[in-house]
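Thank you all for coming; I would like to walk through one structure this morning, slowly and in order. Please keep the sequence and the model in view while I talk.

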Amino acid sequence: EETVRRVEQALPSDHIFVLTNAAQIEGCRAVLPHLKPHQFIAEPAKRDTGPACALGTALVRNLDPDAVVVFLPATDVRLAAVKVPVKQPSKVLQAVRYALEDQVAEDVESLHFAIGVRREDGSHPVAIISRTRLTRVLGLLRARGIQPDLLVPETLALPQPTDEGAWSALADGEQVFVRSGAWSGFACTADDLASYLGMADM
């Protein structure tokens with residue numbers, strides 16, 4: 001319900017579709033009565049995040065063949081949240097870069113910052129990626145005639161935790177992907193997971 005409310009700030013309601021398992025369809029319809037029945041889609045089988053993303057993008061493609069969604073590797077994108085004292089859009093980027101300068105290993109000039117809408121607590125969600133990496137990805141897409149409409153770090157493809165303090169995680173071989181909130185998460189090796197969890201408890 002909260003996710004749909006956030007998305008409605010950027011999209012009209014008739015462009016929103018809810019993809020979930022069959023057992024949760026009726027519950028979703030109950031809390032989102034303004035969406036039409038065809039906007040609720042049940043997964044044919046429980047196959048976790050990757051296949052769910054594939055199904056969702058396939059359905060979007062059927063509705064709009066020109067729409068392109070690209071999921072970026074979680075290891076390429078760092079997610080953060082920053083409170084800055086300014087509200088003017090023209091000044092927010094510079095303030096965010098300044099606030100994060102000491103938290104990133106690279107020169108901020110070499111990084112691309114994607115800044116989300118200001119939240120109720122005054123913070124902005126931020127996705128950070130190397131300009132070189134982003135340029136390479138976009139170049140590969142353009143070389144194949146693909147113009148993406150949306151770039152999403154795969155961390156945010158995991159289910160959003162609904163309980164306070166809860167996280168969603170996916171183990172894929174030696175890599176672990178974790179979503180710790182609406183706009184937060186990280187990726188690490190399985191060997192490093194205990195260290196990451198220890199830092200989160202501090």
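Leucine 19 is partly exposed, with a relative accessible area of 30%, where buried means under 20% relative accessible area, exposed over 50%, and partly exposed in between, with a 1.4 Å probe and protein chains only. This is a predicted model, in which local features need pLDDT of at least 70 and side-chain atom pairs count only at pLDDT 80 or more, while totals for chains, interfaces and linings use all residues. Residues are numbered from 1 along each chain as its sequence is written, and side-chain values use heavy atoms, with hydrogens and water left out.

Leucine 19 sits in strand 1, and here I should say that helices (H or I, at least four residues) and strands (E, at least two) are DSSP runs, numbered from the N terminus. Its C-alpha atom is separated by 5.9 Å from that of alanine 42, although the two are 23 residues apart along the chain. Strand 1, residues 18-21, pairs with strand 2, residues 40-43, in the parallel sense over four bridges, and two strands count as paired if DSSP finds at least two bridges between them. Within this pair, valine 18 stands opposite phenylalanine 40, and threonine 20 has alanine 42 as its bridge partner. Between the two strands the chain passes through helix 2, residues 25-31, in a β-α-β crossover that is right-handed, which is to say that, with the strands pointing away from the viewer, the path from the first strand over the helix to the second runs clockwise.

Let me step back to the whole chain. It has six helices and 10 strands, and of its 202 residues, 30% count as buried. Taking contacts with a separation of 6 or more, residues 24 or more positions apart account for 43% of them, a contact being heavy atoms within 4.5 Å.

Which residues have the most contacts inside the largest nonpolar core? They are Val84, Val96, Leu100, Phe113, Val126 and Ile128, in a core of 13 residues, where a nonpolar core is a set of buried Ala, Val, Leu, Ile, Met, Phe, Trp, Tyr and Cys residues joined through side-chain atoms within 4.5 Å. Two or more residues each come from strand 4 (77-83), helix 4 (89-100), strand 5 (111-115) and strand 6 (123-130), and helix 4 gives the largest share, four residues. Leucine 100, if we leave aside its neighbours within four places in sequence, is in contact with Ala80, Val82, Phe113, Val126 and Ile128. Apart from this core lies another, of 11 residues, among them Leu79, Ala127, Leu134 and Leu156.

Is alanine 81 buried or partly exposed? Alanine 81, whose place is in strand 4, is partly exposed, with a relative accessible area of 49%. Leaving aside neighbours within four places in sequence, alanine 81 is in contact with Arg119, His124 and Pro125. From alanine 81 to alanine 127 there are 46 residues in sequence and 8.7 Å in space, C-alpha to C-alpha.

Strand 4 returns when we look at the second largest pocket, to whose lining it gives the most, with five residues. On a 1 Å grid over the protein atoms alone, a cavity is a set of points where a 1.4 Å probe fits but cannot get out, and a pocket is an open set with protein on both sides within 12 Å along at least five of seven lines, with lining residues having an atom within 4 Å of a point. The volume of this pocket is about 400 Å³, a volume being the space filled by probe spheres set on the grid points, which are joined across faces, edges and corners. Of the 19 residues that line it, the closest to its centre are Thr75, Val77, Arg78, Leu79 and Ile128, and the elements giving two or more residues to the lining are strand 4, strand 6 and strand 10 (185-189).

That brings us to strand 10, which is largely enclosed by the rest of the structure, because four of its five residues are buried. Strand 10 pairs with strand 9, residues 175-179, in the antiparallel sense over five bridges, and a hairpin joins the two through five residues. Valine 176 stands opposite cysteine 188 in strand 10. Glutamine 175, in strand 9, is partly exposed, with a relative accessible area of 23%.
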